[in-house]
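Grab a viewer and work through these exercises one at a time. Each has a task, then a solution you can follow step by step.

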Amino acid sequence: GRETQARQAYEKAIAFKLNYPALENYLNYLEPPATGTAVPRRDAYELLAAYPGDDAFPRDSAVWLLNDRQVEVFENGTTTRTVHYVVRVLTPEGAEKFRDVTISYSPDLEKVELKRAAVLKSDGTEITATQIKENNVFDVWSRLYYSYVNKVITMPRLSPGDTIDVEYKISQTGENLFAGYFGDFYYFGDKNSTISARYVLT
């Protein structure tokens, strides 16, 4: 019966502690935010419809139909990163390279939300990835454990002619260790061709 007061208290808490995913998600559940200013999401099937065909890339093992990263920076330097990429697999080498998708993050400071991980088969069917595991990062030579882990998603039955569609979000939940500083790096391409690359910073 005190929903208005509760919402005001949640808003004050978020203003005090920026980038608080659990509380933000609950507040969004109570009152969904406006979506008019959001950067439009690119659809994998629309990208495939505009794809010029495998023959246009005879030297590539795979083609990046989309390499998209959207970063939101808060006043204290913490961030949320939404990564979305769509990759067309052309060769067995490409299938081996993209069979495992690795997301590195620090569980003590970050939260990962896997939004989509699917294989769009060449026959028109779609398979959602369900094999997900996490590995602690360990340096064999120095015998040191690090504070971050690798979340590994295995793309099922990936073969030449298939396309992977992967989207995830990493939110920093702790304080910024660099005292308000923000820095990032982004590669617009690699040795394989890239059709569309986008980096959005807000």
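**Exercise 1: the parts list**

How many helices and how many strands does the protein have?

Solution. Keep in mind that this is a predicted model. Step one is the tally: there are 4 helices and 9 strands. Step two is to put them in sequence order, which reads α-α-α-β-β-α-β-β-β-β-β-β-β. Step three is to look at the whole chain: 38% of the 202 residues are buried, and the accessible surface comes to about 12,600 Å². Carbon and sulfur atoms own 52% of that surface. As for contacts between residues at least 6 apart in sequence, 71% join residues at least 24 apart.

**Exercise 2: the sheet**

Work out the strand order of the open sheet of 6 strands, and find its edge strands.

Solution. Walk across the sheet and you get β5-β4-β8-β2-β1-β9, with mixed pairing. The ends of that walk are the edge strands, β5 (126-128) and β9 (197-201), and each pairs on one side only. From one strand to the next, the twist averages 10°.

Now go for β8 (163-172). On one side, β2 (residues 79-89) pairs with β8 in the antiparallel sense over 9 bridges; His 84 has Glu 167 in β8 as its bridge partner. Then there's β4 (residues 110-120), which is also antiparallel to β8, over 10 bridges. In this pairing Leu 114 stands opposite Tyr 168 in β8. To finish, check the cover: 8 of the 10 residues of β8 are buried, so the strand is mostly covered.

Over at β9, the pairing with β1 (residues 62-73) runs in the parallel sense over 5 bridges. Here Arg 69 stands opposite Tyr 199 in β9.

**Exercise 3: an aromatic pair**

Classify the geometry of the ring pair Trp 64 and Phe 98, and say which parts of the sequence the pair ties together.

Solution. First, the count of aromatic pairs comes to 6. Next, take the geometry: the ring centres of Trp 64 and Phe 98 are 5.6 Å apart, and their planes are at 80°. Planes over 60 degrees apart count as edge-to-face, so that is the label for this pair. Then place the two residues. Trp 64 lies in strand β1, and Phe 98 lies in the loop between α4 (92-97) and β3 (100-105), so the pair ties together parts 34 residues apart in sequence.

Add the burial values. Trp 64 has a relative accessible area of 13% and is buried, and Phe 98 counts as buried too, at 7% relative accessibility. Last, widen the view: Trp 64, Tyr 85 and Phe 98 form one aromatic cluster.

**Exercise 4: a serine in a loop**

Is Ser 196 buried or exposed, and what does Ser 196 touch?

Solution. Start with location: Ser 196 sits in the loop between β8 and β9. The cut-off for buried is under 20% relative accessible area, so with 14% relative accessibility Ser 196 counts as buried. Leaving out residues up to four places away in sequence, Ser 196 touches Arg 42, Trp 64, Leu 65, Leu 66 and Asn 67. One of these, Arg 42, also shares a polar contact of 3.2 Å with Ser 196, side chain to side chain. Trp 64, another residue on that list, is the Trp of the edge-to-face pair in Exercise 3.

Technical notes:
Residues numbered from 1 in each chain as written. Predicted model: local features only at pLDDT ≥ 70, side-chain atom pairs only at ≥ 80, totals over all residues. Heavy atoms only, no water. Pairing = 2+ DSSP bridges. Helix = DSSP H or I, 4+ residues; strand = E, 2+ residues; numbered from the N terminus. Axes fitted to C-alpha atoms, helices over the stretch in contact; angles between N-to-C directions. Buried < 20%, exposed > 50% of the residue type's maximum accessible area, 1.4 Å probe, protein only. Contact = heavy atoms within 4.5 Å. Areas by Shrake-Rupley, 256 points an atom, 1.4 Å probe, with all protein chains shown as cover. Polar contact = N/O pair within 3.5 Å; in protein donor to acceptor, adjacent residues only side chain to side chain. Phe/Tyr/Trp six-rings, centres within 6.5 Å; stacked < 30°, edge-to-face > 60°.
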